[in-house]
Amino acid sequence: MISIPADGVRLRDFRREDLAQYKSLRSDPKFQRFYSEEDSATNKAEELLAMFITQSDEIPRSKYQLAVVSPSGELMGSCGIRIESPRHASIGCELGRQWQGAGAARDAGNALIEFGFVELGLHRIYAETISENKAAIKLCHAFGMKIESERVNDRFFKGRMWNTIVLSISENEWHARKKSA
Ligand SMILES: CC(C)(COP(=O)(O)OP(=O)(O)OC[C@H]1O[C@@H](n2cnc3c(N)ncnc32)[C@H](O)[C@@H]1OP(=O)(O)O)[C@@H](O)C(=O)NCCC(=O)NCCS
């Protein structure tokens, strides 16, 4: 079982008992603003949770979608790092609305990025998000990521096309940033 301390919050593997809280935080309409109908469906939380638990049992493990937990043990959301090809991984974060705006996503993501470069030996970590998801883009910039590319009209949901942005940070950039901090 993984457990990573992150400045005031903790990252740990998901458990079946997290389902009610995970379902509840994902059901908020504003939380779902940039999610497709499929990703916002009521059974999606159940499906994702089962997948995260299965991934945590895989050997060798390549996907670490972890629960972000408050000091009192409440489920705040999830933050994950997924190895997509050798030494390259994607990262993604989602927090329940009452937990947003307090730096928890930044702390959880920074801890996970450190885990990725130090423990997993990654060379590049990237995030892909809808171009209008300003909070997600701002969060990636706070991790030291830079915009790599933008794809125009490459997603379709909620009756319209959406652009997506890829941001990334390399191992060297991350080390340089740590040194200068
Ligand atoms: C992405 C997410 C984890 C970021 O969490 P957070 O860092 O706590 O986010 P906040 O809502 O506080 O927003 C972060 C920053 O973006 C800014 N922001 C939020 N919405 C904005 C908007 N529509 N336009 C401009 N700036 C915006 C906030 O003001 C904040 O800036 P600050 O740090 O200077 O105050 C959170 O928004 C979330 O869980 N969203 C729902 C799920 C999701 O879309 N995840 C991303 C999938 S790729």
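Let me start at a turn: Lys158 sits in the loop between strand E7, residues 146–157, and strand E8, residues 160–170, and although Lys158 is not a glycine, its phi is positive, near 50°. I should say at once that this is a predicted model, and that every value I quote is computed from it. Lys158 has a relative accessible area of 38%, so it counts as partly exposed.

There is a second residue of this kind, and I would like to put it beside Lys158. Asp7 is likewise a residue other than glycine with a positive phi, in this case about 30°, and its place is the loop between strand E1, residues 3–6, and strand E2, residues 9–12. Asp7 reaches 66% relative accessibility and therefore counts as exposed.

Staying with the backbone for a moment, where in the chain does Pro60 lie? Pro60 belongs to the loop that runs between helix H3, residues 44–57, and strand E3, residues 63–69, and the peptide bond that joins Ile59 to Pro60 is cis, with an omega of about -5°.

Let me now step back to the whole chain. The secondary structure amounts to six helices and eight strands, and if you follow the sequence from its start, these elements come in the order β-β-α-α-α-β-β-β-α-β-α-β-β-α. For 181 residues, the rule for a compact globule gives a radius of gyration near 16 Å, and because the chain itself has 16 Å, the two agree. Along the principal axes, the C-alpha atoms fill a box of roughly 45 × 40 × 35 Å.

As for how the chain packs, 46% of the 181 residues count as buried, and of the contacts between residues at least 6 apart in sequence, 59% join residues that are at least 24 apart. The accessible surface comes to about 9,700 Å², and 51% of that belongs to carbon and sulfur atoms. With regard to charge, there are 26 positive and 25 negative side chains, and the centres of these two sets lie 4 Å apart.

I turn next to the cysteines. How many disulfides does the chain have? The count comes to one disulfide, and it joins Cys79 to Cys93, with the two sulfur atoms 2.4 Å apart. This pair links distant parts of the chain, 14 residues apart, since Cys79 belongs to strand E4, residues 75–85, and Cys93 to strand E5, residues 88–95. As to exposure, Cys79 is buried because its relative accessibility is 0%, whereas Cys93, at 28%, counts as partly exposed.

Why, then, does Cys140 form no such bond? The closest cysteine sulfur to that of Cys140 is the one in Cys93, and at 8.1 Å it is too far away for a bond. Cys140 has a relative accessible area of 7%, so it too is to be counted as buried.

I will finish with Phe156, which brings us back to strand E7. Is Phe156 buried or exposed? Its relative accessible area is 56%, and Phe156 is therefore exposed. One last distance concerns Phe156 and Ser72, which stand 84 residues apart along the chain and whose C-alpha atoms are separated by 39 Å.

Conventions
Residues numbered from 1 in each chain as written. Predicted model: local features only at pLDDT ≥ 70, side-chain atom pairs only at ≥ 80, totals over all residues. Heavy atoms only, no water. Helix = DSSP H or I, 4+ residues; strand = E, 2+ residues; numbered from the N terminus. Rg over C-alpha atoms; globule rule 2.2 N^0.38 Å. Buried < 20%, exposed > 50% of the residue type's maximum accessible area, 1.4 Å probe, protein only. Contact = heavy atoms within 4.5 Å. Areas by Shrake-Rupley, 256 points an atom, 1.4 Å probe, with all protein chains shown as cover. Lys, Arg positive; Asp, Glu negative; His and termini not counted. Charge placed at Lys NZ, Arg CZ, Asp CG, Glu CD. Disulfide = S-S within 2.5 Å.
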